Amino acid sequence: QVQLVESGGGLVQAGGSLRLSCATPGRMFSYYDMGWFRQVPGQEREFVAGIIWTGGSKVYSDSVKGRFTISRDNVKAPVYLQMNSLKPEDTAVYYCAARYYRDSDYTYWGQGTQVTVAS
């Protein structure tokens with residue numbers, strides 16, 4: 001049973017910062033690309049950021065580029081999302097996801113963590 005567990009969400013004022021973490025209890029995700037997605041009620045889930053299994057390549061959505069940073073530590077936890085200069089429109093449930101590096105689709109998902117940015 002693959003399990004992804006997000007943490008670090010919460011309420012923050014606009015302009016503030018949060019750091020999300022994604023843990024995988026009992027399993028190493030060294031050969032998995034990792035990603036962060038977010039979803040607002042009534043809207044489709046959207047891609048936020050991704051990092052390949054080596055950590056050598058990262059990609060961001062235009063809406064977060066320059067404000068969010070994805071990183072990984074295959075020893076302590078697979079992936080982090082540092083979110084700076086938060087805006088009210090960043091409010092969403094944030095999900096961690098994983099895919100084997102040879103696959104194209106993300107196949108493992110966490111339960112999500114709520115991020116609320118107050119104006």
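# Strands, pairs and a buried arginine

Author: Across from Gln114 in S11 we find Val93. The model is predicted, so local features need pLDDT of at least 70 and side-chain atom pairs pLDDT 80 or more, while totals for chains, interfaces and linings use all residues. Residues are numbered from 1 along each chain as its sequence is written, and side-chain values use heavy atoms, leaving out hydrogens and water.

Reader: What makes S9 and S11 a pair, and which way do they run?

Author: Two strands pair if DSSP finds at least two bridges between them. Strands themselves are DSSP runs of E, at least two residues long, and helices are runs of H or I of at least four, numbered from the N terminus. Strand S9 (residues 92-100) has three bridges to S11, which meets the cut-off of at least two, so they pair. They run antiparallel. Strand S2 (residues 10-13) also joins S11, by four bridges, but runs parallel to it. There, Gly10 faces Val115.

Reader: How do you know which side chains of S11 are buried?

Author: From the relative accessible area: buried means under 20%, exposed over 50%, and partly exposed in between, with a 1.4 Å probe and protein chains only. In strand S11 (residues 113-118), Thr113, Val115 and Val117 point to one face and are buried. Gln114, Thr116 and Ala118 point to the other face and are not buried. That fits the usual picture, because side chains in a regular strand alternate between the two faces of the sheet.

Reader: Which side chains of S7 point to which face?

Author: Phe68, Ile70 and Arg72 share a face and are buried, whereas Thr69, Ser71 and Asp73 point to the other and are not. S7 has five bridges to strand S8 (residues 77-83), running antiparallel. Within that pairing Ile70 is opposite Leu81, and Asp73 is opposite Ala77.

Reader: What makes S7 an edge strand?

Author: Four strands make an open sheet, ordered S1-S3-S8-S7, with antiparallel pairing. S7 and strand S1 (5-7) each pair on one side only, and that puts them at the edges. From one strand to the next, the twist averages 15°, with axes being lines fitted to C-alpha atoms (for helices over the stretch in contact) and angles running from 0 to 180 degrees between N-to-C directions.

Reader: Why is Arg72 said to have no salt bridge?

Author: A salt bridge needs a side-chain nitrogen of Lys or Arg within 4 Å of a carboxyl oxygen of Asp or Glu. By the charge convention, Lys and Arg are positive and Asp and Glu negative, with His and the chain ends not counted. For Arg72 the nearest side chain of opposite charge is Asp33, at 5.4 Å, so the 4 Å cut-off isn't met. Arg72 is buried all the same.

Reader: What does the side chain of Arg72 reach?

Author: A polar contact is a pair of N or O atoms within 3.5 Å; within protein, one must be able to donate a hydrogen and the other to accept it, and sequence neighbours count only if both atoms are side-chain atoms. The Arg72 side chain reaches the backbone oxygen of Tyr32 at 2.8 Å. A polar atom of that side chain is also 3.0 Å from the backbone oxygen of Ile52. Both values are within 3.5 Å.

Reader: How do you know that Arg38 and Glu46 form a salt bridge?

Author: Their closest N and O atoms are 2.6 Å apart, and this is within 4 Å, so the pair qualifies. Arg38 counts as buried because its relative accessible area, 5%, is under 20%. Glu46, at 34%, falls between the cut-offs and is therefore partly exposed.

Reader: What meets in a salt bridge with Asp90?

Author: Arg38 again, at 2.9 Å from N to O. Arg38 is in strand S4 (residues 32-39) and Asp90 in the loop between S8 and S9, so this pair ties together parts 52 residues apart in sequence. Both Arg38 and Asp90 are buried. A network of salt bridges links Arg38, Glu46, Arg67 and Asp90. The whole structure has five salt bridges, one of them between Asp62 and Lys65 at 3.2 Å.

Reader: Why does Pro41 count as buried or exposed?

Author: Its relative accessibility is 76%, over the 50% line, so Pro41 is exposed. Pro41 is in the loop between S4 and strand S5 (46-51).
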